[in-house]
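The exercises below are to be worked through with the sequence and the coordinates open side by side. Each task is followed by a solution that proceeds step by step.

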Amino acid sequence: MNAIIIASLGAIILMLTNLFFRKRSKLLSVFALLVVILLIVFNTLEGQGLLFFYPASLNSAFFQFSNFTYLFNNVLILTFLIYILLNKNYLLLINPDHSADIYALLFFVMTGCFLLTSYNNLLSLFLGIEIMTIPLYVLAGMDKKNQKSNEASLKYFLLGAFSTCILLMGITLLYGATGSFALNPFNTLNTTKLLGQVGMLFIFFALLFKVGVAPFHFWVPDVYDGTPNVFTAFMATIVKVVVIIALLNFINALTPNCIGKSYKTIVLFVIISTLAIGNFSALSQPNVKRMMAYSSIAQAGFMLLALYALNDLATQGILIYAIVYSLSTLTIFAILNKFSLATFSDFNGLAKSQPLMACFLTVALLSLTGIPLTGGFFAKYYMLSATFFSGGKYALPLVIICLIFAGISAVYYLKVIQAMYFTTPPVTSDHASITIQPLATLEKSILLLVVIAILFLGIFPSIVTQWLYF
Amino acid sequence: MLALLLIIVPLLFALVLFACKEGGAKRIAVVGSFINLVIVGALLLNHNNPYLSNFQIDWISSLNASFHLQVAGLGMLMACLVALAFFLIILFSSELSYKNEQYFYGLLLFVEAGLMGVFFAHDALLFYFFWELVIIPIYFLCSIWGGEKRIQVTLNFFIYTFLGSLFLLAALLYIYSHTPDHSFAWESFTKVQLSVKEQRVIFWLLFIALAIKMPVFPFHTWQPNTYKESPLPVTMVLSGLLAKMGLFALLQWVLPVLHNFATPQLAIILCIISIIYASVIALQQGDLKKMVAYSSMAHIGLMALAIFSMNATAISGASLQMFNHGINVVALWMIIALLEKKYQTTYFTNLGGLAKTEPLLTLFFVIFMLANIGLPLTNSFVGEFLMLFGIFSFNKIIALFAGLSLILSATYSLGAIQKIFFGNLSEKNKHPLIASANARWVVGILVIFTLLILFFGIYPAPLFKILQF
Amino acid sequence: MQIQYYLYLSFILFGIGALGVMIRRNAIIVFMCIEMMLNSVNLLLVAFSKVQYALNAQGIDGQIFVFFVMVVAAAEVTVGLAIIVMCYRNTRSIDIGLMNRIKN
C-alpha cells in the first residue's frame, strides 16, 4: 500500500513541477531517485508490519498483500532504480522540455505495477492495467518528431485500448455470472457457468495480449522497435514481468474446478507457439533491437511455464526469472543506448575497442541463453522443474520442446557475441560514421554490480527465494 | 578437500592469467597444471582418507542440491588422465605460439577445472553445472584461435553440444522429480524406481545427450570439422578428454539409474554403425587430421558399445580404455602438430618419405599408431581385449563387428604411416620453412608418452587398482 | 425486460466495434469503434447490476464500476486523440494502413 501511495504522490509532484525542474535536470534525477529510495524503504517496512498510510486491515476487498507481493514489489523497485541509474541521461535527452513529465509518467506506470502485484478485485485489476498502460502509450510516442515513434505509439494505443475492451468484457461477464468483482478462492467467483467461463477466457486473453505472447504478439516487434530505446527497456522488463505476475495472481485465485480441463491445453498451445514464433523470428532479424523484441517474446514464453505448473516452485521460479530477465535485458538495452542503429555488424570488434562493454553484454546474453553460472540457468531450471513437478503426461514433451527452443535461442544470442569477439571491424572510411560512445563511470559501476548480481544468482539462487518464506 | 583443490587451483591460475601480461603466461600455466598433477598424486596416495577425498557443503538447500565432490574409481582415473594430459599439453603448447597467450592458457585451465568438476561431482546438479561450463571456454578457444572456417564450425559445435546438454538437463530433472527424497545426490538417483517405459524415455534422452558429446553416429557431424579447425592443443583436449565425458556420464549417471534395463537394440546398432562408418571414412581420408578424428570416433564407438553390452568385463575394459585412448590420441595429435608446424600441411599427398629426414618423429609416430591399433605390449591392448571378450560373451555377431573395427583400424593406421613417412620425399619438404630440429623437451614429452604407453601395456595393474577406489 | 436482450444488444455492439477495429483503416474510426465497445460493456454492467439487485438486493458495485470505466475511457480519449493529432502533424494522414515505416 505504501508503495502505491508514494509512487502516485511522487508522480503527481513531478507532474506539477515541470516548470521548476526544466532547467535543473540534475535536481530532477536526484528527486526521482529519492522517491525510489523512499519506495524501497517504505515497502520493506510495510513488509515488516509497519504501516503508514492505511489504518484498516491490509488485506481488504481491493488488495491483498503477502510476502510474495512485498518481495516482488521490492524487485520491481530495485529494477526501476537500476533502470533510472542506467538511463537517466537518455531520459533527459528524448524531450528536454518535458523531462519531469517523463519521470511523472514512469512513476504512474510504477503505481499501476504495484496495483497489479497486489490486486484482489477485478476493479483494481482493471485500474492497475489502465494506470500502467495509458502512460506507456504516451511514453512510446515521446520522440515527437520521429515518425517511427509516432507509429509505435499509435499502434500500441489502438491495440492496447482494444485489448482493454476485451478485458472489460471479460470482467463484466464474470460479474454477470457471479455477482461480485472480488477475486478470492473462497468467493462466489468460482463459477462453472458458461458466462463466467467465457469471461475468464476473455480476461486471460486480454492479459496475454498485454504480455505480448503468441497468438497476440503481433504488436510487440513494431512497438518495441519504434519506441525510443529507453522506454523499450522499460516496457520489455518491468511492464512485461508485472503483467505475467498479474496473470499468475488471477489464475491462482481460481480453483481447479472452475479453471476447467481445457486450461492446460490452452496454456500449452500458447507456450509452444510463443516459443516457436519468438525464437524462429529472432533468428532472422537485421538489428539487435528487433532481435531483442522477438527474444522478449520467447522469454515470456518461458515465464508462462509458471502458468502451466501453478505450484510453489513456479512461484519461486517466476521471481528468479523476473529478476534475471530484467537485469539482463536492462544491461543489453543500456549498451544499445550507445549505438545509433545497432545492426549486428556494428558490434564487430567491440571486444577490442570496448572490452568492458563487450564483457557485460556477453554475460547478459549468456544469461538470457541460460548457461550455468549465470542467473538465467536457474531461472529456466526452476521453470522446467516446476513443470515436471506439476505432473501430467504433457510435462516431459513440453520440457523437451522448451529446451530445444532454448538451444535455438543460443544461435541468435551468440551471433552478437561472435560479432564482438571473433570478427574484426572493416577498416573503411564509410564505417567511420558508426561511433560508439563509451560507458560513463556511473553506468560502468552500475553495470558491474548488475553483472555480479546475475553471476551471483547463477550460483546461489536461493538467496532470493528464501525471502518468500519469512 | 583435495578434490576441491583440484578445481580451485586451475581456476585461480586461470584468473591470474587473465590479469597478467602476455610474457610470463606460459610459465604460470605450466606451474598451475603441474601443481594439479602433484595434487592428483597426493590424492592417489590418500584416497582412503575421507577428509581428503570427500568434500560436501550445502549449496541450494531448498532443492536438496549440495556441493558434493567425491573421489571414486573411474572419476579418479579420469582425473589422473586430465591432470597428466593438461600438464603435457600445456607444456607442449609452448612449441606452438599463439597471440594473447595469457587468455589462451587461462581458458585452457578453465576447461581443466570444469573437467575435474565433471569427474568428481557426486550431485547431479553440480555435475550438470560443470558439464556445461566446460563448453564455454572451449567455444571461445576454438572461435578465437582456430582455423579459417572456425566461426561457423564452432557455432555449429556449440549449438550441437548445448542442445545435447539440454537433453541431459531434461533427463536429470525428470529423474530428480522421481527420486524418493527429491534430492540431487547420486545415492538418491540410484534409488529411483522408474517403470520400463519411463526408463526407455530417460535412456533415449540421455543417449542423445551423451551421443552428441562422444560422438556416436547420427550426431557426429560436428566432430571432424571441429577437430580440424580447432587449435591443436584444444583438439587434444576435445578428443582426449572431452569425448570421455560422455562415456563417463554413461557409466556414472546412466547405468546406476536404470535397473533391470536391457539396452535397446537401436542404441547398439547405432554404435556399430558408428564404428564401421568412422573406420571406413578414416580409411578414405586424405587428411591426417580428419583420419585421426574419425579413428577417434571409431574407438569411442567401440567403448560405448562395450558399455551398452552391460557386461562387467566389457565395462572394465572400456573404463581402462578411456584412460589409455586419452593418452594415445593426445600423443598422436602432438605428432600432427609438429608435422603441421614444420610442413604447413597434414594432407597425405603433400607429405611422404619423411622417415629419411625425421627418423625420431617416425619412431614415435609408429609407436603411437601401434598403440592406437591396440597391439600387444601397448596400453590399449588390455582394454580392447577385455572389451572384445565381454562383447563376445554378450553377443557373438556384435563381437564380429567390433573385431572388424580392429582390422580396419590396423589398415588405416599402417596406411597413414606408409603414406607419411615412406615413399618419395617431395622436393619442397626437403627444406622445410622451419629448419630447426625438434627441441629437446618436445622429444622429452614424446618419450614420456612412449613410456606411459609401454608401461601400462606391460603392467596395467595400477590402473585396475585405481578403478577399485 | 429479460437480461438476454441486454446481453444480445451489448454483444452486437461489442461485435460491431471489434469488427470495425479490425477492418477500418482510419485511426479516428477505429478509435470510435473502441469507444463503442467500451460503451457496450457499460450497458452490460448496468444490466447485470440490476439483475443482482433483483436477486439479492446488492448490485451497487456494478454501477460504480461503470463510473470507473467512464473515467478511464475519458483518460484514454485524451491520450488517444493527442497521439492521433501528433501522427497527423508529422505525416498529414491518419490512415493506419500506410504505417509500415518501422519494418523498413
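**Exercise 1. Establish which chains touch in this predicted model.**

Solution. Begin with the chain pairs: 2 pairs are in contact, and of these, chains A and C share the most contacts. Then turn to chain B and chain C, which no contact joins, their closest C-alpha atoms lying 28 Å apart.

**Exercise 2. Describe the side of chain B that touches chain A, by its elements and its residue classes.**

Solution. First take the extent of the contact, to which chain B and chain A each bring 23 residues. Next assign the chain B residues to elements: helix H6 (124-133), helix H7 (135-145) and helix H8 (150-178) of chain B each supply at least two residues of this side, and the largest share, 13 residues, comes from H8(B). Finally sort the residues of the side of chain B that touches chain A by class, which gives 18 nonpolar, 4 polar and 1 charged.

**Exercise 3. Test whether the length of helix H5 (residues 101-120) of chain B agrees with its residue count, and decide whether the helix is enclosed or exposed.**

Solution. At 1.5 Å a residue, the 20 residues of H5(B) should span 28 Å, and since the end C-alpha atoms are 29 Å apart, the expectation and the model agree. For the second part, count the buried residues, where buried means that 20 or more other C-beta atoms lie within 10 Å of the residue's own. The count is 20 of the 20 residues, so H5(B) is largely enclosed by the rest of the structure.

**Exercise 4. Characterise the overall build of chain A.**

Solution. Chain A has 21 helices and 0 strands. A compact globule of 470 residues would have a radius of gyration near 23 Å, and the 21 Å of chain A agrees with this. Along the principal axes, the C-alpha atoms of chain A fill a box of roughly 70 × 55 × 40 Å, and 62% of the 470 residues count as buried. Among contacts in chain A between residues at least 6 apart in sequence, 80% join residues at least 24 apart.

**Exercise 5. Describe how the two domains of chain A meet.**

Solution. Locate domain 1 (1-252) and domain 2 (261-470) of chain A, whose C-alpha centres lie 22 Å apart. Across their boundary, 38 residues of domain 1 are in contact with 38 residues of domain 2. On the domain 1 side, helices H4 (67-94), H8 (194-211), H9 (219-226) and H10 (229-252) of chain A each supply at least two residues, and H10(A) gives the most, with 15 residues. By class, the residues of this domain 1 side divide into 27 nonpolar, 9 polar and 2 charged.

Key:
Residues numbered from 1 in each chain as written. Chains lettered and ligands numbered in written order. Predicted model: local features only at pLDDT ≥ 70, side-chain atom pairs only at ≥ 80, totals over all residues. Contact = placed C-beta atoms within 7 Å. Helix = DSSP H or I, 4+ residues; strand = E, 2+ residues; numbered from the N terminus. Nonpolar A, V, L, I, M, F, W, Y, C, P; charged D, E, K, R; others polar. Rg over C-alpha atoms; globule rule 2.2 N^0.38 Å. Buried ≥ 20, exposed ≤ 12 C-beta atoms within 10 Å, placed from the backbone. Expected span 1.5 Å × (residues − 1). Domains from an automatic or database assignment.
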